[in-house]
Amino acid sequence: MTKNTGIAIAIFLNHGIIKSRISYRDLLSIVLLVSSLLVSSFAVAASSVNGVRVWRAPDHTRVVFDLSNAVSHKVFSLKSPSRLVIDIDDASNNAALAPVDLSKTPIKRIRSAKRDKSHLRFVLDLKDDVNPRSFVLKKHAGKPNRLVVDLYDKNTVTQKTVEKVAAAASVSSRRDILVVIDAGHGGEDPGAIGPRRIKEKTVVLDIAKRLAKKVNGTQGYKAKLTRTNDYYVSLKKRRDFARKHRADLFVSIHADAFKTPHAKGASVFALSRRGATSETARFLARRENNTDLIGGVGDVSLKDKDQVLKGVLVDLSMSATLSSSLDAGKHILNRMGGIAHLHKKHVEQAGFLVLKSPDVPSILVETGFISNPGEAKKLSSANYRQKMANSIYTGIREFFEKNPPGGTYLAWKQSGGKEVASSNANAGGTRVYKVSRGDTLSGISARFGLSVSALKKINGLKSNSIGIGQKLIVSQSAPSKPVKPSRRIHRVAGGETLSGIALRYQSSVAAIRRQNKLRGNAIRIGQRLVIPTG
């Protein structure tokens, strides 16, 4: 007797179905029927797909499958016609595919069918070829287990390198001040959700777009958005976007929630070196740092082992950048105080991953607590969002008017129409350029019509490394003999490390140690270090 047959007989006995007068043949027929029904019920798939969503980003399309349990899967492409096949093991489909919006995506339609009785197959009929990438996300923060399939456009243009972007930006000595504006969350990650289902991702995108419009409407300024629509961008890509474009300021906009609806007030945050300045700051940083787990990033690791953090942020040697971040934050916070209640009257600090850029001043603006009914009502108003964008914009303007970056239109204008820290003539007609933050040797050479090799030869440089404040001869009629650049002295400030100083001046730890006859990496506050020039 099989296990299922025994279960069937037990069911009949428990319910008094088997009568003493029933024949053995009839009993066996009934038992076999019930047994087969039990087999089919036990064969129900271990997992089910309960929903399918599609998000469109500038360079890819994301397809998300909501799952009742974790699954194993396989993705492969088929040609003639172009299709993408997604096989999910031991699963069934409970999702309605008809309502899924496929406009502006490379997908014509999505089909599903059973495969080998217990497995599930989805077929994406494609209009264009794609490069697929898939990964599974575990259940987190109210989100179910998910299978994410990203379809990257094959015609995506390769991004420019930092060198090329910097060179292009350096052609004109009156460049625009670039502000990168980051609307938090998006796509799979709605962010905080307030009363009447108002979503943080919607509020902050609207404020970001309004702010960008104000910035772009000002001569000498330019804004770029990390996201322009409802899709998710990872924390690393957000800050890397600012670094790639050599931003003068990175502003990440949020409207978060707290554990109670009573928390209220707008805030501005900068990165912290030693820990959060308040419990609220710690809570918000932890919440924001987990967004990659919600928004959907494959193989996410909050340890963030990229080269930026390895080389710089492990020892948090970013004094100049952090100082500028705090300064910019003060101006913005003061202006926000004119239209909103402030949670704290000073710039707070916490370990926000999105702010960990070593060379771009970065701040995170909390426009209010969307979990507070009063502030949620304000944030749902287009008029209030515009006021918030205006206040942030005014703070940004005030910061840069007091700290105009070298080589920008604003610096040129404030000098009365003269080049600032760009070119000066000495008695012999030689032009000298003072290196500003973000400059590269290739960019300087392009600006003054020199080749990199000629610029290096004129200044006796052995490599492409240059430091902020370094003076370079850029005249084509410069002396034929190499001219040794001026000596650079750095005075050690609190919290600085040798590796951070080396990065700041684009030198090496070994070279600085050798120049200053240091036996180890230990340095002290106030110590003067000679920075190698070659």
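**A six-stranded sheet, its helices and its aromatic contacts**

In this predicted model, six strands make up an open sheet of mixed pairing, ordered E11-E10-E12-E15-E13-E14. Strands are DSSP runs of E with at least two residues, helices are runs of H or I with at least four, and both are numbered from the N terminus; two strands pair if DSSP finds at least two bridges between them. The edges belong to E11 (221-225) and E14 (348-350), and each has a single partner strand, so one side of each lacks a neighbour in the sheet. From one strand to the next, the twist averages 30°, where angles run from 0 to 180 degrees between N-to-C directions and axes are lines fitted to C-alpha atoms, for helices over the stretch in contact.

A few conventions help in reading what follows. Local features need pLDDT of at least 70 and side-chain atom pairs count only at pLDDT 80 or more, while totals for chains, interfaces and linings use all residues. Residues are numbered from 1 along each chain as its sequence is written, and side-chain values use heavy atoms, with hydrogens and water left out.

Strand E10 (residues 177-183) runs parallel to E11, and five bridges join the two; Val179, for instance, has Ala223 in E11 as its bridge partner. Helix H5 (residues 235-244) packs on the sheet, in contact (heavy atoms within 4.5 Å) with E10, E11 and E12 (249-254), and its direction makes about 170° with that of E10. Helix H11 (residues 382-402) also packs on the sheet, touching E10, E11, E12 and E15 (362-366), at about 160° to the direction of E12.

Now to the aromatic rings. The structure holds three aromatic pairs, counted for rings of Phe, Tyr and Trp (its six-membered ring) with centres within 6.5 Å; planes under 30 degrees apart are stacked, over 60 edge-to-face and the rest tilted. Tyr221 and Phe400 pair edge-to-face, 6.2 Å centre to centre with 65° between the planes. This pair links Tyr221 in strand E11 with Phe400 in helix H11, 179 residues apart in the chain. Both Tyr221 and Phe400 are buried, that is, under 20% relative accessible area, with exposed meaning over 50% and partly exposed in between (1.4 Å probe, protein chains only). Ring pairs gather Tyr221, Phe399 and Phe400 into a cluster.

Helix H14 (residues 452-459) has Leu455, Ile458 and Asn459 as its buried residues. Seen down the axis of H14, these fall within an arc of 85°, so they line one face; the arc is taken from the directions from the helix axis to the C-beta atoms. On the other side of H14, Ser453 and Lys457 are exposed.
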